[in-house]
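Open the model in your viewer and keep the selection panel at hand. The stops below go from the contact between the protein chains to the surfaces around the DNA.

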Protein chains: 2
Amino acid sequence: MNIPTRTSPNPSSEHNHKQCISEALGTAGRVCMTRGVRLTPIRHQVLELIWSSHKAVKAYDLLDRIKPLQPMAKPATVYRALDFLIEQGLIHRVESLNAFIGCSYSGQQHEQLLLICKRCHEVEERSAEKVMKALAGEIGRLAFIAHSKTIEVHGICAKCAEPAINQTDARLN
Amino acid sequence: MNIPTRTSPNPSSEHNHKQCISEALGTAGRVCMTRGVRLTPIRHQVLELIWSSHKAVKAYDLLDRIKPLQPMAKPATVYRALDFLIEQGLIHRVESLNAFIGCSYSGQQHEQLLLICKRCHEVEERSAEKVMKALAGEIGRLAFIAHSKTIEVHGICAKCAEPAINQTDARLN
DNA sequence: AGATTAAATGTTACATTATAACATTTGAGC
DNA sequence: GCTCAAATGTTATAATGTAACATTTAATCT
């Protein structure tokens, strides 16, 4: 299981996003194969659409965008695919946006924090072990048994905060 | 500004919830007075309804429950009151539930974590400074400028996990 | 007190997000 | 090729949330 690492928080301007997508899809294929679950065409297409950017995508946007490929698609079509992808840890639901984002750590641990930029709307995922350790400590101290942990931070990403010339496109992206 | 502290995570069985409510409403009144904003009857009623338990409440449940008091109430009535209460830091939106909970630290700092019990559905709020410090560190390291931070943990609370006799009612509550 | 005016609320209509329930098709394993 | 569970198709509706404009309320000024 390789890790689709991302050096830049801004895919459109600074990284080869086609590679980003193909790595994610490749990882997804291997994860599903290993687990004996089926990455069907619909599921694969939904995952690919989600990975088409590093922005969180809404379910009904996915529905619109999958219709050229799957004219029969209905809300349930999309939500079922999303449920599957979440269950397999291939995407995350961004709770504070009612939207979905590709998981950068598929097949690995699943405690992460999401940094959501209000300006470019891109979402960066971090494993942030120190934070998770502190959180686990606090939870344990209270004798709470955690099943899932969500950390979402809204603000302005480093790229968008930069006042530098030549960042204009990135900000507007 | 006093702090409505809560010694037990389970209000129904172990704490005087009437006092809990009156403290929350008292604090809210003082906070609004201080800030020169108006805690109108509708806003007060919505806040009181939210504090009627330590469970997160849905907007449309609030609507149903406020109708006997405000027969004219419509969705906008409730959502406007909720917007106001959130803006003043008197309640929190639980993103992962699309629901709302009274804030236990009104008028104070506003970085907290929410522990949401799947069994009794109560929500405990903690300020968890170590976690917040670690999170601030991670965010700063990435040069991200945070505007808001959401930490929500789902699981089983200490009370509900206890196998002890005489906790049956608490679990079922 | 009466006038002014911004804030709050009333009201209608609709947009967005999500699920239930049942029918049909597909595909893996026998 | 049969069988059965999984996946998808299909219809309908539930649940959540907002936009836009009208009316009322209440604080402030004169």
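Start by selecting strand E5 (residues 145-156) in chain A and E5(B): 11 bridges join them, and the two strands run antiparallel. Helices (H or I, at least four residues) and strands (E, at least two) are DSSP runs, numbered from the N terminus, and two strands pair if DSSP finds at least two bridges between them. To see one pairing, pick A:Glu152; the bridge partner of A:Glu152 in E5(B) is B:Thr150.

A note on what is displayed: this is a predicted model, in which local features need pLDDT of at least 70, side-chain atom pairs count only at pLDDT 80 or more, and totals for chains, interfaces and linings use all residues. Residues are numbered from 1 along each chain as its sequence is written, while chains are lettered from A and ligands numbered from 1 in the order in which they are written.

Next, widen the selection to the whole contact, which takes 31 residues from chain A and 31 residues from chain B; two residues are in contact if their C-beta atoms, placed from the backbone, lie within 7 Å. On the side of chain B that touches chain A, helix H6 (129-141), strand E5 (145-156) and helix H7 (158-161) each supply at least two residues. E5(B) gives the most to that side, with 12 residues. Coloured by class, this side of chain B shows 17 nonpolar, 7 polar and 7 charged residues. Ala, Val, Leu, Ile, Met, Phe, Trp, Tyr, Cys and Pro count as nonpolar, Asp, Glu, Lys and Arg as charged, and the others, Gly among them, as polar.

Now superpose the chains. A turn of 180° and a shift of 0.0 Å along the axis lay chain B on chain A with an RMSD of 0.0 Å, using least squares on the C-alpha atoms of residues with pLDDT of at least 70 in both. The two copies are thus related as by a two-fold rotation axis. In chain B, the C-alpha nearest the axis belongs to B:Ile151, 2.3 Å from it.

Move to DNA strand C. It is surrounded by 19 residues, the closest being A:Pro75, B:Thr40, B:Met72, B:Lys74 and B:Ala76; a residue is near a strand if its C-beta atom, placed from the backbone, lies within 6 Å of it. H5(B) has the largest share of this surface, 4 residues.

Finish at DNA strand D. Among the 19 residues around DNA strand D, A:Thr40, A:Met72, A:Lys74, A:Ala76 and B:Pro75 come nearest. H5(A) gives the most to this surface, with 4 residues.
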